[in-house]
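This report describes a structure through its sheet, its helices and its metal site. Please keep the sequence and the model in view while reading.

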Amino acid sequence: MQDLVDGVKKFQRDAFPERSALFRRLAAGQNPQALFIACSDSRVVPELITQCEPGELFVIRNAGNIVPPYGPEPGGVSATIEYAVVALGVSDVVICGHSDCGAMTAIATDADLSAMPAVRRWLGYADAAKAINRAHGHTCVHNGVNAMVHDNVIAQLVNIRTHPCVALALSQGRLSLHGWVYDIGSGKVGAYDGDARRFVSLADHPHACASGSADARDGSP
Ligand code: ZN
């Protein structure tokens, strides 16, 4: 804990003065460009990966970068998505999985989660990806987990479309969805290409978009 307290002191002494103008501006409000949904994993730092400054990313993090489908009892993820899309008007949503994900490993390896009933229930939101992963019959654990990470991002891209505010913004062409997988060991990022229906290198395909060109319509008849 002392590390954290020392970190705050260092922030106030060094980092804050360097960005004093930015923080003065941000004190009056925020205008983030994107909603970034990532795993809680300590190795995944959205602002570091994207080199964004404070005020640029609106972030949701949870175990497995999961988006429960919209339902009669919306929870924290649903409320935060709604706020980002409706109140803040973000133009992009990124759902970002990552290599060596503990949540996806638990699903892919059928781990015993009896001691963590909340985790077991939560990971049920990845059941569509689990079914696809299971059907592949991966014989190598590494490949199975890696596929699960990618399939889960695709499943959560489907789930987020069930949220009315997201469906509406997509239909009006004012929102784009992006599915990324960040590789911790190499720093590389794969991006889901919704038209090609496969992951491509974000570095080689900077315009890869999960919602694809089919969603880029203006809603007019
Ligand atoms: Zn994870």
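## Basis of the description

Two strands are taken to pair if DSSP finds at least two bridges between them, and that criterion underlies the sheet and the hairpin described below. The model is a predicted one.

## The sheet and its edges

Six strands make up an open sheet of mixed pairing, and their order is S2-S1-S3-S4-S5-S6. Strand S2 (57-62) and strand S6 (198-201) each have a single partner strand and stand at the edges, so one side of each is left without a neighbour in the sheet. From one strand to the next, the twist averages 25°.

Helix H8 (residues 141-160) packs on this sheet, where it touches strand S1 (34-39), strand S3 (92-98), strand S4 (176-182), S5 and S6, and its direction makes about 160° with that of S4.

## Strand S4 and its partners

Because six of the seven residues of S4 are buried, this strand is largely enclosed by the rest of the structure. S3 and S4 run parallel and are joined by seven bridges; within this pairing, Val93 has Leu177 of S4 as its bridge partner. S4 and S5, by contrast, run antiparallel and are joined by three bridges, with Trp180 having Ala191 of S5 as its bridge partner.

S4 and S5 form a hairpin in which six residues lie between the two strands, and Gly187 in the turn has a positive phi of about 80°. Strand S5 (residues 189-193) is also joined to S6 by four bridges, and these two strands run antiparallel; here the bridge partner of Gly190 is Ser201 in S6.

## Helix H9 and its packing against H4

Which residues of helix H9 (residues 164-171) are buried? They are Cys165, Val166, Ala169 and Leu170. These residues lie on the same side of H9, because they cover an arc of only 130° around the axis. What covers the buried residues of H9 includes helix H4 (76-87), H8 and S4. After H9 comes Gly173, with a positive phi near 70°.

Two packed helices are described by the angle between their axes and the distance between the axes. For H4 and H9, the axes come within 9 Å and cross at roughly 30°, and the crossing in which H4 passes H9 is left-handed. On the H4 side the contact is made by Ile81, Glu82, Val85 and Val86, while on the H9 side it is made by Cys165, Val166 and Ala169. Cys165, Val166 and Ala169 are thus named both in this contact and among the buried residues of H9.

## The zinc site and Asn62

The zinc ion has as its protein donors Cys39 through SG, His98 through NE2 and Cys101 through SG, which lie 2.0 to 2.3 Å from the ion. Along the sequence, these donor residues are spaced C-x58-H-x2-C. His98 and Cys101 are both buried.

Cys39 also appears in the surroundings of Asn62, a residue that lies in strand S2. When residues up to four places away in sequence are not counted, Asn62 touches Ala38, Cys39, Ser40, Val77 and Trp122. Is Asn62 buried or exposed? The cut-off for buried is under 20% relative accessible area, and Asn62 counts as buried because its relative accessibility is 9%.

Methods: Residues numbered from 1 in each chain as written. Predicted model: local features only at pLDDT ≥ 70, side-chain atom pairs only at ≥ 80, totals over all residues. Heavy atoms only, no water. Axes fitted to C-alpha atoms, helices over the stretch in contact; angles between N-to-C directions. Contact = heavy atoms within 4.5 Å. Donors = N, O, S within 2.8 Å, 3.2 Å for Na, K, Ca; no water. Buried < 20%, exposed > 50% of the residue type's maximum accessible area, 1.4 Å probe, protein only. Arc of directions from axis to C-beta. Left-handed = near helix turned anticlockwise from the far one by under 90°.
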